[in-house]
Amino acid sequence: MEIAGIFVYLYEQLAATGLPQVWVDLIALVVAGVIVFGFLAVVALILVLWERKVSAQIQQRLGPWYTGWHGWRQTIADAVKLLQKEDITPVTADRPVFFWAPVIAFTACFAVYVCIPFGKDLIVSDLNIGILFILAITTFTVISLLMAGWGSNNKYALLGGMRSAAQVVSYEVPMVVAVLAVIVFAGSLSMVDIVESQAMIYQWYIFRLPFGPIAFIIYIIAATAETNRTPFDIPEAEQELVAGFNVEYSGMKFAMFFLAEFVNMFTVSAIGATLFLGGWQGPFLPSWVWFLIKTFGLVFVFMWFRWTYPRLRVDQLMEFSWKFLLPLAFANLILAGWMKYSGWFNW
Amino acid sequence: MTEGLRTEEFQVNMGPHHPSTHGVCRFILTMDGEVIISAEPVIGYLHRALEKICENRTYVQCIPVMDRFEYCTSMSCNQVFALATEKLAGMEVSERAEYLRVIMLELNRIASHLIWYGTTALDLGALTPFLWAFREREDVLDLFEMTCGQRLTYNYIRIGGVARDIPPEFIPKCMEFLDKFDAKVDDYEAILTENPIFVARNKDIGVLTPEMAVAYGVSGPSLRASGVRHDLRKDDPYSIYDRFKFNIPVRHNGDCLDRYYIRIQEMRESAKIVRQAIEQMPKEGDVTKRISANFKPPKGEVYSRIENSRGEMGVYVQSTGDTKKPLRVKMRGGSYNQLQVMPELVKGHKIADVVAIMASLDIIMPEVDR
Amino acid sequence: MRELVDAIKNLVIGLFTSAKHIPRKRVTLVYPTERWPMPERSRGIVVLLSDKETGELNCTTCLLCQRACPTAAIKIDYEKDEKNKRHLKDFQIDFTVCCFCGLCEESCNFAAIKMAPKYEFSTLNKEDLIWHTDKLQEMGRDVPYELPARKKRAAAKKPAPKPAEKPAAESAKSEPEIKEEKPAAQPEPKSTEDVDSNPPEDKKEDIKPADSAPEKTEAEPKNESPEKPEESN
């Protein structure tokens, strides 16, 4: 039940209409973008509800219950509520900066999906620098955080924005170094190549001891910090006194930040599934089903962390990243390099 | 490089409404960057003039007013006033009533510590233990509701005894609750006590030395965490506490983590006391004393105190001997002293620690503001 | 290194502790589809009780509840007739000040006022929370109650001028009643009867606390009645 065939067929139909090639490609890209966008919008909707249901399960309560059967319409209700809220811009705010911050956050989190393989041959564009592109684009969120903090013209928002920017940047580094270990082994930056080098389950990078699990754990921790989730959610926590960067945002702009967080969570899970859990590889079921299963599994792990652990203080967070994760990630990288070079565990 | 940079202190207002769920308490924090230089508490947002109200109510009517003095441990408030009035009037309380009082007091202590546990975890970002603690609290409140009809302000422990006897389904339900309670406390400990994140947030934070604790009049679990072994149930036994075997947990570091350990242990000890009380309680007996509407205790003044979950709770009652209403009722709560010591404890810590310290001291504002 | 292993172990234990709640039964009550069965002693709204046969209020305007209320939520409007006996004009309870303490119910000797286990009475205006006699009586019509022991004894002692089926039922029920009342009611049933029939002023039962040794508490049958086998009228 591979669905790549449908897209190939549609592309051929489009090419057969006789338009010039550049137009054909342009239309194909736009259509692909719209499909990915639509898919991600639905995923964000599902994730918001799923988070509340998972938290309710862990806390032995019901979660959303009245809006639709077992609350499936809750996110739609939330979206409608946010849409009809007044869009307030503070008088003293820096208007262009204030306006563009959520746009950049939103765009960055969608732009990453150009290179993520949803299934066999289901990738918008198989760049040969795939993972590098992804890691670069995810850094855009730092700019949007700083812009949000600065544009609000509020000393607490500025402090919050700078703190979260510091947090994201600090955890980017161990994440990249952990991913490097996998890249060293795969020998290529292209996402499709990485998936194809994990054809059998014992080849998945998570199982390639000893560097695989360590790289995976570092990646998970760094990804939790990237997406501002507990135990690293200082910027969004209400119990912290210095408010986060999005304190002045309301209505649709706030909805953009909110959605961007959930889509980001899906992104890092998708990348984690691709790099460590074998992407879309798996027997019996179609490849895109495997991809979804693995990604949602990782999303569940992130949610599980959120509802179990308390949060770290800011200085403890930074100390953890620079003094513990980064040296560990470097040591792991050296180990992976040596393993590849010497041919051990190289199946 | 930093000589040319000018830094200045700034003030952050931790306003009366804030997400740390301890009531309406305001702090004006003066900070140098992330570090706190001084903290000034501003109180009075929950002042309801309870002491003045009591001056215009008869002794029996004062009991529901005392309920609201500290509504998380309403039974203790009733008890302390009843003790004071009984001392003034020279009344005896029957055996069964004493045992019922102890059962209710200790169950209330468990309920109060469950609130403390839930809100501490919530303040530090672990959102799940709050719900679990309140699930257990529902069971305790069901027990109270079946006995006296209310879930928060009980008006149950009265002058001379208790309001009514327990219904027959109380004891089986209570035993059912106690049987599963220990396993639940194990759950609470598994998720927080050894968690490295929780320990990192609480260890060596807000260290209260024993000298400072005694000087400020801190009492209760916060005092015992600093190494001072003082519990009114053992040192100045009131009611029939000298008949029960229980331990007083004491720790010596005085930081937030020790206060946490002590309260978790106290929950277990309270469960032990309730079990012993249920076993030893006489099967029959009257538990109520009908106080006439003209009840006038003889002239005198008395200060009676009990060990509340937040420290020493005391009430000073002065009666003139020829009126139905007390001349003066002064209430003393443990949270007031612990709030006084907070500015000392937060000096030098970061702003995120203020919340952790306040949660670990277990300050609630109705006791402070009355 | 040892701390690292311990830390990881405890983090994993924490994860499993929270995960083991996932398959457990939810403890949420889906209100308003399901409602919590309120215990019979629940202190909800205050209602006025009426006689089961005649439907009239049991209240004798003795004003004890008004004096017992700590927040002055009860206001009783009455008029005195030529024999100086009080008659009720309006019984008002202000639920914006009532603190649901139950002292009014305990002070009543006539089973006239009770706290029913009802709690759903929110309104949109504050004025609608001040209830008068008619509403209080209507809300109290379906609230079960027991007659106070004094009335039971009075009913048992009367020679039965009631309809035919009643005496058999009454005498059958009152026999065990009288037997059980006797041992407890030794000290002073008479004095409470005399006192209660008149509107009590300050000169009534001055049970000084010093004198109220245990036998006085036994004399209060009302407190013991829950423990006896009851018939509800």
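Visitor: How many helices and strands are there in chain C?
Guide: This is a predicted model, where local features need pLDDT of at least 70, side-chain atom pairs count only at pLDDT 80 or more, and totals for chains, interfaces and linings use all residues. Residues are numbered from 1 along each chain as its sequence is written, while chains are lettered from A and ligands numbered from 1 in the order in which they are written. Helices (H or I, at least four residues) and strands (E, at least two) are DSSP runs, numbered from the N terminus. From the N terminus on, the elements of chain C run α-β-α-β-β-α-β-β-α-α-α-α-α-α, which gives nine helices and five strands.

Visitor: What percentage of the residues in chain C are buried?
Guide: A residue is buried if 20 or more other C-beta atoms lie within 10 Å of its own, exposed if 12 or fewer, and partly exposed in between, with C-beta atoms placed from the backbone. Of the 233 residues in chain C, the buried share is 24%.

Visitor: Which helix gives the most to the side of chain B that touches chain C?
Guide: Two residues are in contact if their C-beta atoms, placed from the backbone, lie within 7 Å. On that basis, 33 residues of chain B meet 33 residues of chain C. Helices α2 (59-67), α5 (128-148) and α6 (170-192) of chain B each supply at least two residues of this side. The biggest contribution, five residues, comes from α5(B).

Visitor: And which element provides the largest share of the side of chain B that touches chain A?
Guide: Here 23 residues of chain B are in contact with 22 residues of chain A. Several elements of chain B each supply at least two residues, among them β1 (10-14), α4 (95-123) and α13 (351-361). With four residues, the largest share belongs to α7(B).

Visitor: Which are the edge strands of the open sheet in chain B?
Guide: Strands pair if DSSP finds at least two bridges between them. Three strands form this open sheet, in the order β6-β7-β8 (chain B), with antiparallel pairing. An edge strand pairs on one side only, and that is true of β6 (300-308) and β8 (328-332) of chain B.

Visitor: Which residue in β8(B) does V317(B) stand opposite?
Guide: Strand β7 (residues 311-319) of chain B runs antiparallel to β8(B), and five bridges join them. The residue of β8(B) facing V317(B) is V329(B).

Visitor: At about what angle to β6(B) does helix α3 of chain B run?
Guide: Axes are lines fitted to C-alpha atoms, for helices over the stretch in contact, and angles run from 0 to 180 degrees between N-to-C directions. Helix α3 (residues 74-89) lies across β6 and β7 of chain B. Its angle to β6(B) is about 150°.

Visitor: How far apart are the end C-alpha atoms of helix α12 of chain B?
Guide: The expected span is 1.5 Å times one less than the number of residues. For the 13 residues of α12 (residues 334-346) of chain B, this comes to 18 Å. The end C-alpha atoms agree with that, being apart by 19 Å.

Visitor: How many of the 13 residues of α12(B) are buried?
Guide: Among the buried ones are G334(B), Y336(B), L339(B) and V346(B). The helix is largely enclosed by the rest of the structure, because the number of its buried residues is 10.

Visitor: Where does α12(B) bend by about 30°?
Guide: The bend at a residue is the angle between axes fitted to the seven residues ending there and the seven starting there. A proline, P343(B), follows the bend within four residues. The bend itself is at Q340(B).
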